[in-house]
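Student: Could you pick one spot in this model and take a close look at it with me? I'd like to see how its surroundings fit together, too.

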Amino acid sequence: MNRKEIDYIYKQNLEESIIEYLAKEKNIEIRQAMDIYYRSRLAKQIEQGSYGIENMDYKYLVHDLIDNEPELFL
């Protein structure tokens, strides 16, 4: 396995953790949490590897998403 494959798997696992934790924190269905996450700026930043954000704890990232993108929860 090369570095690119490892990074891809790591990001997939991170996204899974974010979605599951978001659903738990907001008491919503997984499908709704997925929709919110994939419409977020956070998802784009993780995909692009912006600011090394993909190396942060998923719980912190969920709370950051809730605090900084409240329009996604309307």
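Tutor: Sure, let's start at Asn27, which has a relative accessible area of 69% and is therefore exposed, since anything over 50% gets that label. Keep in mind as we go that this is a predicted model. Where does Asn27 sit? You'll find Asn27 in the loop between H1 and H2. Its backbone deserves a look as well: Asn27 isn't a glycine, yet its phi is positive, at about 55 degrees. Most residues other than glycine have a negative phi, so a positive value is worth pausing over.

Now look at the two helices on either side of that loop. Two packed helices are described by the angle between their axes and the distance between those axes. Here, helix H1 covers residues 3–26 and helix H2 covers residues 30–39, and the two pack with their axes 8 Å apart at an angle of about 120 degrees. That angle is why H1 is called oblique to H2. As for handedness, the crossing of H1 past H2 is right-handed. On the H1 side, the contact is made by Glu15, Ile18, Ile19, Glu20, Leu22 and Ala23, and H2 answers with Ile30, Ala33, Met34, Ile36, Tyr37 and Tyr38. Sort the residues of this H1–H2 contact by type and you get ten nonpolar, two charged and no polar ones.

While you're on H1, find Asp7, another residue of that helix. Asp7 is partly exposed, because its relative accessible area of 31% falls between the 20% and 50% cut-offs. For a sense of scale, go from Asp7 to Asn68, which is 61 residues away along the chain: their C-alpha atoms are separated by 26 Å.

Back to H2, and let's follow the chain onward. What angle do H2 and H3 make where they cross? Roughly 65 degrees, with the axes coming within 4 Å. That makes H2 roughly perpendicular to H3, because 65 degrees is where that class begins. From H2, the contact draws on Tyr37, Tyr38 and Arg39, while H3 brings in Arg41, Leu42, Ala43, Lys44 and Ile46. By type, the residues in the contact of H2 with H3 are five nonpolar and three charged, with no polar ones. Notice that Tyr37 and Tyr38 appear in the list for the H1 contact and turn up again in the list for the H3 contact.

Next, the charged side chains. How many salt bridges does a search of the whole structure find? Four. One of them is within H2: Asp35 pairs with Arg39, and the closest N and O atoms are 3.1 Å apart. Those two residues are four apart in that helix, which is about one turn. Asp35 is partly exposed at 40% relative accessibility, and Arg39, at 42%, is partly exposed too.

Arg41 is a busier spot. It meets Glu69 in a salt bridge, 4.0 Å from N to O. Arg41 belongs to helix H3 (residues 41–48) and Glu69 to the segment after helix H4 (58–68), so this pair ties together parts that are 28 residues apart in sequence. The two ends don't share an accessibility label: Arg41 is partly exposed at 43%, whereas Glu69 is buried, because its 6% is under the 20% limit.

Arg41 also forms a salt bridge with Glu71, and there the closest N and O atoms are 3.4 Å apart. This pair links distant parts of the chain as well, since Glu71 lies in the segment after H4, 30 residues from Arg41 in helix H3. Glu71 is partly exposed, at 42% relative accessibility. Put together, Arg41, Glu69 and Glu71 form a network of salt bridges.

Finally, here's a partner for the spot where we began. Which value does phi take at Tyr51? A positive one, about 60 degrees, even though Tyr51 is not a glycine. Tyr51 is in a loop too, the one between H3 and H4. With 77% relative accessibility, Tyr51 counts as exposed. So Asn27 and Tyr51 make a handy pair to look at side by side: each is exposed, and each has a positive phi without being a glycine.

How values were computed
Residues numbered from 1 in each chain as written. Predicted model: local features only at pLDDT ≥ 70, side-chain atom pairs only at ≥ 80, totals over all residues. Heavy atoms only, no water. Axes fitted to C-alpha atoms, helices over the stretch in contact; angles between N-to-C directions. Parallel < 35°, antiparallel > 145°, perpendicular 65-115°, else oblique. Left-handed = near helix turned anticlockwise from the far one by under 90°. Contact = heavy atoms within 4.5 Å. Nonpolar A, V, L, I, M, F, W, Y, C, P; charged D, E, K, R; others polar. Buried < 20%, exposed > 50% of the residue type's maximum accessible area, 1.4 Å probe, protein only.
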